[in-house]
Amino acid sequence: MREVDLAALESALTDGATVIDVRERDEYAQVRVPGVTNIPLSEFVARVDEIPTDGTVYVVCAVGGRSLQAAQYLAARGVDAVSVAGGTDAWAGSGRPVESDA
C-alpha cells in the first residue's frame, strides 16, 4: 500500500483532490485537516459509494493505521488510494492550518 507524506497531501489539497478522514466523528470535530470529508472507518464499507473514484483518493486518520486499512480496501476495489503517513496528528504538529468544531 502506498503512503504519502504531508507535503504530498498539502499539494493534493491545493489541487482539489479527494481526501477522506476515517477518524470517528468526535475526533474529526476536535481537529481536522481543512477540506477533508469525514467517513468514519466504522461506516466506511456502508458509505464507500460516496467516494469519488476518479483520480487519487487520499486517506487520513490520526497517525496512519486506520487510513492504511481504508486505503487497502479502496485499492482492492480498483481505486487509486493512498494513505497519509503521520495523519492528522502530524499535520497539526507541523503547524499547518487545522479546523475544529470547538
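## Salt bridges, R23 and helix α4

Reader: Hi! Starting with R66: what is its relative accessible area, and does that make it buried or exposed?
Author: Neither, as it happens. R66 has a relative accessible area of 23%, so it counts as partly exposed, since buried means under 20% and exposed means over 50%. Bear in mind that this is a predicted model.

Reader: Thanks. Which residue does R66 form a salt bridge with?
Author: With E27, and the closest N and O atoms of that salt bridge are 2.9 Å apart. The pair links distant parts of the chain: R66 sits in helix α4 (residues 65-76) and E27 in helix α2, 39 residues apart.

Reader: How many salt bridges are there in total?
Author: The count comes to 10 salt bridges. Among them is one where the side chains of R32 and E99 meet, at 3.3 Å from N to O. That pair also links distant parts of the chain, with R32 in the loop between α2 and β3 (37-38), E99 in the segment after α5 (87-93), and the two positions 67 residues apart.

Reader: And R32 itself, buried or exposed?
Author: R32 counts as buried, because its relative accessibility is 9%. Its partner E99 is partly exposed, with a relative accessible area of 35%.

Reader: Which residues are linked in a network of salt bridges?
Author: R25, E43, R47 and E50 are linked that way.

Reader: Okay, switching to R23. Where is it found?
Author: R23 is in the loop between β2 (18-21) and α2 (25-30). With a relative accessible area of 3%, R23 is buried.

Reader: A buried arginine, then. What do its side-chain polar atoms pair with?
Author: The side chains of R23 and D21 are joined by a polar contact of 2.8 Å, and the two side chains meet in a salt bridge at that N to O distance, 2.8 Å. D21 is buried too, with a relative accessible area of 0%. In addition, a polar atom of the R23 side chain lies 2.6 Å from the backbone oxygen of V31.

Reader: Which residues is R23 in contact with, leaving aside neighbours within four places in sequence?
Author: The list is Y28, V31, R32, N38, P40, V60, C61, A62, R66 and T88. You'll recognise R32 and R66 in there from the salt bridges with E99 and E27.

Reader: Nice. Back to α4: how far apart are its end C-alpha atoms, and what should the helix span?
Author: The end C-alpha atoms of α4 are 17 Å apart. Its 12 residues should span 16 Å at 1.5 Å a residue, so the two values agree.

Reader: Which residues of α4 are buried?
Author: S67, A70, A71 and L74 are buried. They cover an arc of only 100 degrees around the axis, which puts them on the same side of α4.

Reader: Why would residues spaced like that point the same way?
Author: An α-helix has 3.6 residues a turn, so residues three or four places apart point the same way.

Reader: What covers those buried residues?
Author: The cover for the buried residues of α4 includes α3 (44-47), β4 (57-60) and β5 (81-84).

Reader: And what follows α4?
Author: G78 follows α4, and its phi is positive, near 90 degrees.

Reader: Last one: which residues does the UniProt domain annotation cover?
Author: The UniProt annotation "domain: Rhodanese", from an unreviewed entry, covers residues 13-100. Over residues 13-100 the chain is 35% helix and 16% strand, with the end C-alpha atoms 18 Å apart.

Terms used. Residues numbered from 1 in each chain as written. Predicted model: local features only at pLDDT ≥ 70, side-chain atom pairs only at ≥ 80, totals over all residues. Heavy atoms only, no water. Helix = DSSP H or I, 4+ residues; strand = E, 2+ residues; numbered from the N terminus. Buried < 20%, exposed > 50% of the residue type's maximum accessible area, 1.4 Å probe, protein only. Polar contact = N/O pair within 3.5 Å; in protein donor to acceptor, adjacent residues only side chain to side chain. Contact = heavy atoms within 4.5 Å. UniProt positions renumbered as here; feature names shortened; annotations may be inferred. Salt bridge = Lys/Arg side-chain N within 4 Å of Asp/Glu carboxyl O. Expected span 1.5 Å × (residues − 1). Arc of directions from axis to C-beta.
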